[in-house]
Amino acid sequence: MSNQISMRRRSECSLLVTALIFVTCYFSLFPLSNSSSLDEERQALLKSGWWNDYRNVSNHCHWANVLCDEAGSVTSIGLSSLLLPFTIPPMQELQNLNVTAFPNLQFLDLNGMGLRGSIPAEIGTLTKLTDLDLSHNSLQGKLPSKALQNLTQLVRLDFSGNSLSGFIPLSLGELKNLVYLNLDSNLFTGHIPSQVGNLTNLTQLRLSNNFLSGSIPPTLGLLKNLTDLYLESNQLHGHIPVELQNLSSLVALRLSQNNLSGLIPPKLFQMDKMLTLYISSNQLSGSIPWETMKCPSISVIGLSHNRLNGSITSQIACVSDLDLSHNFFVGEIPSLLGMKSILDKLDLSYNNLTGKLRREFAHLSNINLSYNSFNFSPDPDFKLHSPDYCSFPRHSLISNNPPDFSLCFSSLQTNSHTSEVNLSIEIALPIIFTLLVVILLALYLTRHKSRIKFDASLSKNGDLFSIWNYDGKIAFEDIITATEDFDIKYCIGTGAYGSVYRAQLPTGKIVAVKKLHRIESQNPSFNKSFHNEVKMLTKIRHRNIVKLHGFCLHNRYMFLIYQYMERSSLFYMLNDDVEAGELNWSARVNIIKGMAYALCYMHHDCTPPIIHRDVTSSNVLLNSQLEAFVSDFGTARLLDPDSSNQTLVVGTYGYIAPELAYTLIVTEKCDVYSFGVVTLETLVGRHPGDLISALSNTSTQNMLLKDILDPRIPLPNSRKDAQDIMLAATIALRCLCLKPKFRPSMQDVVGELCNFKLVRPFSFSEILIHQLMTPKEQDAQV
């Protein structure tokens with residue numbers, strides 16, 4: 001009996017031990033805290049208020065921008081893990097997200113989500129974090145130094161585009177795994193910590209657009225893996241450390257807009273992988289160490305606005321894009337003939353260069369030699385050969401003593417006449433004979449045209465895009481067929497003197513066909529506008545001017561054929577709430593720039609200048625990429641320097657410069673005014689007539705800029721967009737001055753749009769209209 005009891009107890013003990021082992025193993029694999037910690041993560045996501053649309057989805061691992069590991073713990077929150085549509089409600093605080101609830105988080109990317117507040121110290125609990133991106137928000141305050149010190153696994157850190165202030169923490173130097181560090185466009189002050197030199201895995205270091213002072217630490221020369229070093233737009237001083245020459249992997253070096261002085265380290269021009277070097281707007285002195293430059297050398301070099309001197313050597317042929325403007329260079333520009341030059345863009349303006357110009361430089365895609373001391377006197381044989389400066393664009397030779405371009409025309413005519421006389425004896429008879437044969441053949445074909453049966457299949461192969469002045473049956477029938485004889489169902493718009501049709505050619509290409517109405521074709525003024533548009537568009541070529549593929553001048557039909565614009569006009573998009581929502585601030589600023597480039601080309605690169613006279617939002621067309629193209633040249637006019645340029649008032653009400661009403665004299669400043677209206681319209685989202693009329697009122701000038709912007713899209717949440725909007729508004733107000741002499745030229749406008757750099761902090765929400773207006777502009781509105 002006792003043995004049976006003993007055996008039973010022994011058996012029960014065995015079962016108990018087995019059960020204990022099973023329970024121990026189970027909870028070692030699936031701890032009790034796992035369920036509670038996962039619930040804590042879910043609640044932290046809900047309490048942030050950013051995932052309210054997912055309350056009915058029980059598994060938070062299925063929410064937008066959330067990824068989990070196999071155990072269900074959150075490892076990634078951010079844009080780069082985008083699974084479903086997701087936006088954070090505006091004006092949210094970063095502190096709303098309890099980061100301590102995510103012990104396994106490795107990836108946190110909240111770039112451009114409109115977050116406010118400061119970076120919480122609790123972020124230091126995310127010890128497994130490898131990627132932290134809080135860029136392009138509205139974060140303020142200092143960086144939590146001790147917290148960042150704990151993030152030793154970080155590979156990528158991006159806090160750019162905020163309003164963070166204070167010193168850059170020394171503790172960043174302990175994040176030895178960092179590959180990418182970006183603190184651009186904040187309000188940081190103090191020195192660049194020398195401890196940054198400890199980050200030997202770093203490939204990109206971006207500290208631009210801050211208020212950093214002191215010198216560039218020589219320890220940066222220890223970053224042998226560095227490819228990009230951006231320190232521009234700060235208050236750095238001292239010499240460029242020679243240790244930067246040790247950065248053998250460096251591709252881009254940007255040190256512009258500081259107070260750096262001394263000489264340029266010679267070996268900077270010998271770095272094998274360097275593609276771009278920008279050290280403009282500093283206090284650098286001495287000469288450029290041309291003799292150390294490899295050929296081909298760095299692709300883009302910007303050294304403008306310094307105190308550099310010496311001469312220019314033929315080594316400039318080794319650079320593709322070179323800007324040495326606003327320095328103290330002397331001597332002549334050397335010849336590049338016989339060299340394998342890669343030079344494409346050259347700016348030597350505002351120096352003291354002398355001697356004759358070399359015609360070979362006129363063929364560069366971009367050349368600026370303005371404000372030097374070149375010798376523009378004509379050669380003794382200038383009647384046989386035009387002066388070399390005649391080959392250059394006029395805007396590239398602006399100076400206090402500009403060349404006499406009138407000699408270009410006369411010498412060209414004389415030279416041309418001389419050449420014709422010399423050649424006429426040799427080729428006169430063959431030409432006359434050939435012309436007679438062609439004329440006789442043309443007459444024969446014309447008389448027998450009705451007898452020739454046209455092969456319709458040839459129209460399928462007609463290459464419309466190689467035909468300019470055509471009245472040929474091939475292209476003509478393609479257009480008639482594609483539009484079904486201009487059926488109204490293909491009509492996509494109607495203008496003052498014609499309708500626009502969408503036509504798909506047999507090749508599959510889509511074009512826009514602008515057809516003059518039959519009734520209007522009998523009207524001399526409409527007919528003249530139609531021919532004027534053809535005349536203008538065959539003279540000009542620019543990427544922001546609508547391209548004319550061809551035209552037809554026929555007794556029955558008169559039409560123009562343009563490249564097709566998928567997004568219609570700027571006017572159409574601004575007047576459709578859905579379409580307007582697609583025009584974010586970046587797109588709108590790019591549209592404004594496109595308009596400016598086109599008008600600048602017409603005013604300053606065409607000889608004689610071309611005045612559009614009807615710049616409106618309806619005449620700014622947009623392609624599928626929302627790029628701007630200026631169109632409708634029916635009222636455009638060549639500006640004659642020897643004429644009074646008086647004209648009838650043409651254009652569209654609300655866009656016409658006010659002085660035309662009483663002077664009837666058209667100038668470039670008329671287009672500038674219209675550009676200002678369209679620019680303001682682009683920012684406001686509607687025609688700004690009431691706003692323009694009220695600019696002289698103090699109450700209007702005291703309005704906030706943000707209050708006049710298009711309310712259909714959110715206010716800019718990045719510093720760059722805010723700066724661009726403020727600049728565009730400033731330019732628009734300058735263009736709208738009632739007094740033409742106070743308006744900028746389109747060349748000035750383009751210069752400001754391309755080179756603007758804000759070096760002081762500002763609060764976008766507090767900018768007043770009158771702060772964007774100069775005293776002259778305020779007076780000119782009275």
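Leaving aside its neighbours within four places in sequence, with which residues is Asp-388 in contact? In this predicted model, the residues concerned are Leu-357 and Arg-359. The report below places this contact beside other features of the chain.

## Overall composition

The model is a predicted one. Its chain has 782 residues, of which buried residues make up 47%. The secondary structure comes to 18 helices and 33 strands.

Contacts between residues at least 6 apart in sequence show how the chain is joined across its length. Of these contacts, 55% join residues at least 24 apart.

## Asp-388 and its surroundings

Asp-388 belongs to the loop between β24 (366-368) and α4 (406-447). With a relative accessibility of 28%, Asp-388 counts as partly exposed, because that class covers values from 20% to 50%.

Along the chain, Asp-388 and Leu-357 are 31 residues apart, while their C-alpha atoms are separated by 6.3 Å. Leu-357 is also one of the two contacts named at the start, the other being Arg-359.

## Ile-316 and Leu-364

Ile-316 is placed in the loop between β19 and β20 (321-323). The relative accessible area of Ile-316 is 0%, and the residue is therefore buried. Not counting residues up to four places away in sequence, Ile-316 touches Trp-290, Leu-322, Leu-336, Leu-343, Leu-346 and Phe-361. A further pair involves Pro-334, which is 18 residues from Ile-316 along the chain; the two C-alpha atoms are separated by 9.0 Å.

Leu-364 is found in the loop between β23 (352-353) and β24. It counts as buried at 15% relative accessibility, because the cut-off for that class is under 20%. Beyond its neighbours within four places in sequence, Leu-364 is in contact with Leu-343, Asp-344 and Leu-346. Leu-346 lies 18 residues from Leu-364 in sequence, and the C-alpha to C-alpha distance is 7.6 Å. Leu-343 and Leu-346 are thus contacts of Leu-364 and also of Ile-316.

## Two loop residues with positive phi

Most residues other than glycine have a negative phi. Against that background, two loop residues deserve mention. His-305 has a phi near 55°, a positive value in a residue other than glycine. His-305 lies in the loop between β18 (300-302) and β19 (307-311), and its relative accessible area of 39% makes it partly exposed.

For Glu-484, phi is near 50°, which is again positive in a residue other than glycine. The loop that holds Glu-484 runs between α5 (473-482) and β25 (491-494). Glu-484 is partly exposed, its relative accessible area being 41%.

## A position listed in UniProt

An unreviewed UniProt entry lists Lys-515 under "binding site". In the model, Lys-515 is part of strand β27 (residues 510-516). Is Lys-515 buried or exposed? At 15% relative accessibility, Lys-515 counts as buried, because the value is under 20%.

## Helix α17 and the start of α11

The buried residues of helix α17 (residues 746-755) are Met-746, Val-749, Val-750 and Leu-753. They cover an arc of only 95° around the axis, and are therefore on the same side of α17. An α-helix has 3.6 residues a turn, so residues three or four places apart point the same way. The elements against which the buried residues of α17 pack are α10 (585-605), α12 (668-684) and α16.

Leu-660 is located in helix α11 (residues 660-663). Leu-660 is buried, with a relative accessible area of 8%. Leu-660 and Cys-670 are 10 residues apart along the chain, and 7.8 Å separates their C-alpha atoms.

## Cavities

The structure holds 2 cavities of 30 Å³ or more. The second largest has a volume of about 40 Å³. Which residues line the second largest cavity? The lining consists of Leu-680, Leu-691, Leu-695, Leu-705, Ile-708, Ala-729, Leu-733 and Ile-769.

By class, this lining has 8 nonpolar residues, with no polar and no charged residues. At least two lining residues are supplied by each of α15 (705-708) and α16 (719-735). Helix α16 thus contributes to the cavity lining, and the buried residues of α17 also pack against α16.

Definitions and conventions. Residues are numbered from 1 along each chain as its sequence is written. This is a predicted model: local features need pLDDT of at least 70, side-chain atom pairs count only at pLDDT 80 or more; totals for chains, interfaces and linings use all residues. Side-chain values use heavy atoms; hydrogens and water are left out. On a 1 Å grid over the protein atoms alone, a cavity is a set of points where a 1.4 Å probe fits but cannot get out, and a pocket is an open set with protein on both sides within 12 Å along at least five of seven lines; lining residues have an atom within 4 Å of a point. Grid points are joined across faces, edges and corners, and a volume is the space filled by probe spheres set on the points. Helices (H or I, at least four residues) and strands (E, at least two) are DSSP runs, numbered from the N terminus. Ala, Val, Leu, Ile, Met, Phe, Trp, Tyr, Cys and Pro count as nonpolar, Asp, Glu, Lys and Arg as charged, and the others, Gly among them, as polar. Buried means under 20% relative accessible area, exposed over 50%, partly exposed in between (1.4 Å probe, protein chains only). The arc is that of the directions from the helix axis to the C-beta atoms. Contact means heavy atoms within 4.5 Å. UniProt positions are given in the numbering used here, feature names are shortened, and annotations may be inferred rather than shown by experiment.
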